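Reader: I'm new to this one and would like a close look at a single part rather than a quick tour of everything. Could you pick a spot and walk me through it?

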Amino acid sequence: MLDLRCYFVTGTNMTPEIAAAAVRGGAGVVQVRSKPISARALYDLGARVAEAVHEVNPRAHVLIDDRVDVALALRCAGAPVHGVHIGQDDLCPRAARELLGPDAIIGLTTGTLELIRDANQYADVLDYVGCGPFRATPTKDSGRTPLGLEGYPEIVADSQLPVVAIGDVTVDDAAELAATGVDGLAVVRGIMNAPDPAAYCERLLSEFEKGRA
């Protein structure tokens with residue numbers, strides 16, 4: 001089962017130890033992202049993160065950011081990598097599915113009602129959509145207007161896929177965002193900068209469940 005509630009997107013200066021700690025705290029997905037990064041460096045980082053995550057929790061899912069080729073290469077090499085998260089300018093979701101196979105996890109970046117409705121045409125090949133930014137963030141400038149809390153209910157209602165909120169999401173936002181109906185929260189800096197990533201993820205999950213209830 002794909003648990004999107006606590007979705008860790010890695011940042012710069014990433015180490016396998018941080019990923020392992022996040023998963024120990026309950027993170028269900030780790031997306032390996034460290035821009036700017038070469039394909040070879042992403043492959044090496046992805047392999048190390050995937051092994052660390054698998055050792056802690058074999059049920060957690062490791063995805064590669066953007067690079068379908070890197071995800072495919074890692075899977076072919078036997079690394080416990082489960083799929084890819086692609087953006088609007090990356091490989092078409094159907095092509096990604098053809099390459100990665102029926103059991104791979106594939107997510108797509110969105111952030112507006114128009115993009116959500118466009119993503120619905122790929123509901124048969126995608127597993128979820130990332131949607132943001134929730135608020136402006138230095139991690140990634142998408143050029144899209146921040147959604148805020150008020151932007152998610154309509155998006156959730158229109159989406160045929162599970163929705164993961166992203167964009168300067170912190171543990172303090174978890175309950176309110178969960179109450180909008182989103183299926184998960186993608187966090188970068190909160191987990192990367194936490195003195196105790198495991199405790200941070202545990203608290204985020206607790207707050208998310210409070211909001212969902």
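Author: Sure, let's begin with Ala 165, which lies in strand E7. Keep in mind that this is a predicted model. Is Ala 165 buried or exposed? Its relative accessible area is 0%, and since buried means under 20%, Ala 165 counts as buried. What does Ala 165 touch, once residues up to four places away in sequence are not counted? The list is Cys 131, Tyr 152, Leu 177, Val 182, Gly 184, Leu 185 and Ala 186. For a sense of distance, take Gly 26: it sits 139 residues from Ala 165 along the chain, and the C-alpha atoms of the two are separated by 18 Å or less, to be exact 17 Å.

Just before that strand there's a loop worth a glance. Ser 159 is found in the loop between helix H6 (152-158) and strand E7 (163-165). With 13% relative accessibility, Ser 159 counts as buried too. Leaving aside neighbours within four places in sequence, Ser 159 is in contact with Ile 116, Asn 120 and Val 129.

Now over to the helices, starting with H2, which covers residues 39-56. H2 has 18 residues, and at 1.5 Å a residue they should span 26 Å; the end C-alpha atoms are 26 Å apart, so the two agree. Which residues of H2 are buried? They are Leu 42, Leu 45, Gly 46, Val 49, Ala 50, Ala 52 and Val 53. These cover an arc of only 170 degrees around the axis, which puts them on the same side of H2. There's a general reason for that sort of pattern: an α-helix has 3.6 residues a turn, so residues three or four places apart point the same way. On the other side of H2, Arg 40 and Glu 55 are exposed. What covers the buried residues of H2 includes helix H1 (16-24), strand E2 (29-32), strand E3 (61-65) and helix H3 (68-76).

H3 has a buried set of its own: Val 68, Val 70, Ala 71 and Leu 74. Looking down the axis of H3, you'd find them within an arc of 165 degrees, so they line one face of the helix. They pack against H2, E3, E4 and helix H4 (93-100). After H3 comes Gly 78, with a positive phi near 90 degrees.

Ala 79 has its place in the loop between H3 and strand E4 (83-86). Its relative accessible area is 13%, so Ala 79 is buried. Not counting residues up to four places away in sequence, Ala 79 touches Glu 51 and Leu 74. That ties in with the helices above, as Leu 74 is one of the buried residues of H3. Ala 96 is 17 residues from Ala 79 along the chain, and their C-alpha atoms are separated by 18 Å.

Last, back to H1, one of the elements covering H2. H1 also meets helix H9 (residues 197-212): the two axes come within 7 Å and cross at roughly 35 degrees. That crossing is right-handed. From H1 come Ile 18, Ala 21 and Ala 22, and they meet Pro 197, Ala 198 and Cys 201 in H9. By class, this contact has 6 nonpolar, no polar and no charged residues.

How values were computed:
Residues numbered from 1 in each chain as written. Predicted model: local features only at pLDDT ≥ 70, side-chain atom pairs only at ≥ 80, totals over all residues. Heavy atoms only, no water. Helix = DSSP H or I, 4+ residues; strand = E, 2+ residues; numbered from the N terminus. Expected span 1.5 Å × (residues − 1). Buried < 20%, exposed > 50% of the residue type's maximum accessible area, 1.4 Å probe, protein only. Arc of directions from axis to C-beta. Contact = heavy atoms within 4.5 Å. Axes fitted to C-alpha atoms, helices over the stretch in contact; angles between N-to-C directions. Left-handed = near helix turned anticlockwise from the far one by under 90°. Nonpolar A, V, L, I, M, F, W, Y, C, P; charged D, E, K, R; others polar.
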